[in-house]
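Colleague: I would like a close look at one part of this model, namely a pair of packed helices. Please describe how the two are arranged and what forms the contact.

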Amino acid sequence: MTGSFASVRVVLVNTSHPGNIGAAARAMKNMGLERLYLVAPREFPAPRALWRAAGAVDVLERAVVVESLAEAVADCGLVVGTSARERRIPWPLLDPRECGQRVWQESAHHEVALVFGREDRGLTNDELAQCGYHVHIPANPDYSSLNLAAAVQVLTYELRMAALAATGEAQSPDWDVPPAPAADLDLYFQHLERVLVEIGFHDPANPRQTMVRLRRLLARIRPDRMELSILRGVLTGVQNLAWRLRTAGSAQATDTPAAPRLEDRQVR
Ligand code: SAH
């Protein structure tokens, strides 16, 4: 199977300047991409966006406006976040060339999102944690932050180059199960956090970096749907056991017939 531009969307988060939205649309269309998602843009639609889009007004007209990043990427099997600087917790990182190749390969099999941040602050740590990979354009270390639409241009150009290079090349063998989409990963994390609180492992009042580190672990593994559903089953099993232990504990306290204690269960 060959990659497909139609499966790749560009997501712009909280863009301040409509001119940048128009310029990003133009950059995309020049490279063969048409699907633009705008997460809570400050000003859109806007005449300044149309002017900068030039011949790519159709991309703007079909842009999908949503409220949150989670909504914009819910059905994506691969989500790549861009970052102009190093973050506190390192993440699986691609350079723009590797990003182009991976996005092209995976676009043969599922929806892919390239996510770009705010002009002033980029993406939040929470938004970056929703991405399977981060990509950094290795710019001048003394001035590494590109204009938003320029960053879109670099990454979509690399995608186009990867597409041109792959034409006629054999694709890697297909995985047997599709990757878990972003929305399922979110649900898994909500479930995991509930269970970790229930069993006393995680204290939401003192969260440290536990959840974001676990999220990164999953990001490195990129579980498929089947693997994630097994992990969900394990969580449910842990919840059932915790519940049985709690009810057994209260049964003992009221002197009703004793259920096995935790120690007895563990030696089995
Ligand atoms: N001051 C912000 C920079 C935001 S630039 C920060 O430090 O994060 C606006 C957006 O352009 C970024 O969120 C990112 O999507 C993209 N961008 C700019 N420079 C980039 C670079 N060197 N590598 C990857 N993306 C970059």
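Modeller: Contact here means heavy atoms within 4.5 Å. The model is a predicted one, and the part I take up is the pairing of helix 8 with helix 9. By that criterion, helix 8 contributes L185, D186, Y188, F189, L192, E193 and L196, which meet M211, L214, R215 and L218 of helix 9. Sorted by character, the residues of this contact comprise 8 nonpolar and 3 charged, with no polar ones.

As to geometry, two packed helices are described by the angle between their axes and the distance between the axes. Helix 8 covers residues 182-198 and helix 9 covers residues 210-221; their axes lie 11 Å apart, and the packing angle is about 135°. Helix 8 is therefore oblique to helix 9, since an angle counts as roughly antiparallel only when it is over 145 degrees. The crossing of the two helices is right-handed.

A second pair offers a useful reference. The axes of helix 1 (residues 18-30) and helix 7 (residues 148-166) come within 8 Å and cross at roughly 15°, which means that helix 1 is roughly parallel to helix 7. This crossing, too, is right-handed. On the helix 1 side the contact is made by N20, A23, A24, A27, M28 and N30, and on the helix 7 side by L148, A149, V152, Q153 and T156. These residues divide into 7 nonpolar and 4 polar, and none is charged.

Technical notes
Residues numbered from 1 in each chain as written. Predicted model: local features only at pLDDT ≥ 70, side-chain atom pairs only at ≥ 80, totals over all residues. Heavy atoms only, no water. Axes fitted to C-alpha atoms, helices over the stretch in contact; angles between N-to-C directions. Helix = DSSP H or I, 4+ residues; strand = E, 2+ residues; numbered from the N terminus. Parallel < 35°, antiparallel > 145°, perpendicular 65-115°, else oblique. Left-handed = near helix turned anticlockwise from the far one by under 90°. Nonpolar A, V, L, I, M, F, W, Y, C, P; charged D, E, K, R; others polar.
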